[in-house]
Structure formats: structure tokens, C-alpha cells
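Reader: Please present the model, and then let us discuss how its residues are placed.

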Amino acid sequence: MSKRELKKYVAQLTKEQLEEQVLELYEKFSPVKVYYNFVFNPKEETLLQEAKLKVSHEYFPIRNPGRKSKPRAKMRRSVAQKFIKHFILLGVDPFIVADLMLYAIEIAQTYADENPIKSETFYKSMFNSFEQATTFCVSNGIFTDFKARIVKIAEETNQQKWQNRFEFETVIDKFSIS
């Protein structure tokens, strides 16, 4: 069904029929419920803190009481990406989305500073995140608000001697950030 056909169909419904359908959608489909819960109670700061906590646990997992071995860091970029995609879909403030995007890179850098990483995919993944975050900030007109953090991330790749640190510098040059 096209959007035009949907508009025509909705226009034919009575107010009661429309209310009934919206309630049915709310009950049947979890994404609709999540959307309406966010629209009527947008606790963006709470969502951000929960997301940051889960992202940080990817690199610094919490030890469960009674467990003898130290939990292993999973370092999955996909965890942060799911939150970012979800936030964008909900229409969360771009400042909060950008904050999470940069936080995910910063926490990975903190981990990399303390633990040697040999995986080339880790560095490539972090670069993709960096490029995505920078582009997001520029396209949403909030780049100047995050410029210091973006530059600091690029500088940290140099300090840690990441194998792709020059690619980060290229992004900096591309947006004339220096």
C-alpha cells in the first residue's frame, strides 16, 4: 500500500475506528509501543546513560560475584550501532546521538590504550565510526559543538600509533577541522 492510498484509507475512517486501529497497533507491534512511549515520555538522558553503560560493558565488562575468571571484553561495535540507529529512528536529539557516537569511539580508545589490539578489523571499524560521527555532526549542523572531541579522537589515534591513524587525519583535513 502506498502512502497516498493509506492517507485515503485513513481519511475514510471515523475517529473511533482510527483510535481503535492505533491502539491495536500499539498492542500488537513492539516498535509502535516503543515509539509512542518515547513520544509521550522522551527520557533522552536516561536512554543515553543506558546506552553508554551497555557500550562501556562491551569493553569493560562487570565481574559477577562468585565468578572466578575475569569476564572477556567483546568489543562489538554493533552494540553501539544498534543504539545509534534506534535513536535516529526515534528522532532523538542529534546532540545526544552525536554524543553516543563519539562516546563509543572514546571508550574503545580507552580500552585500546590499556590493551594491545592486533585485529585490523578493530581499527577499520573505529575509523568507520569516526567518519560516520563526523559526517553526522556536519550534516546536522552541530559540528562546532563536537569539534574538540572529534579532534581529540584523531589525536589519540596518533598517540596510540594506530595503524590507520593517517585516515583519521584525512577526515580532519576533509572537513578543515584543524
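Reader: Is Leu 18 buried, partly exposed or exposed?

Author: This is a predicted model, in which local features need pLDDT of at least 70 and side-chain atom pairs count only at pLDDT 80 or more, while totals for chains, interfaces and linings use all residues. Residues are numbered from 1 along each chain as its sequence is written, and side-chain values use heavy atoms, with hydrogens and water left out. Buried means under 20% relative accessible area, exposed over 50%, and partly exposed in between (1.4 Å probe, protein chains only). Because its relative accessibility is 33%, Leu 18 counts as partly exposed.

Reader: Is Asn 164 buried or exposed?

Author: Asn 164 lies in the loop between α8 (143–159) and α9 (165–174), where helices are DSSP runs (H or I, at least four residues) numbered from the N terminus. Apart from residues up to four places away in sequence, Asn 164 touches Tyr 123, Lys 124 and Phe 127, contact being heavy atoms within 4.5 Å. Since its relative accessibility is 6%, Asn 164 counts as buried.

Reader: Which helix gives the most to the largest nonpolar core?

Author: A nonpolar core is a set of buried Ala, Val, Leu, Ile, Met, Phe, Trp, Tyr and Cys residues joined through side-chain atoms within 4.5 Å. The largest one has 44 residues, and Phe 122 is among those with the most contacts inside it. At least two residues of this core come from each of α4 (44–59), α5 (77–90), α6 (94–114), α7 (120–139), α8 and α9. With 13 residues, the helix that gives the most to this core is α6.
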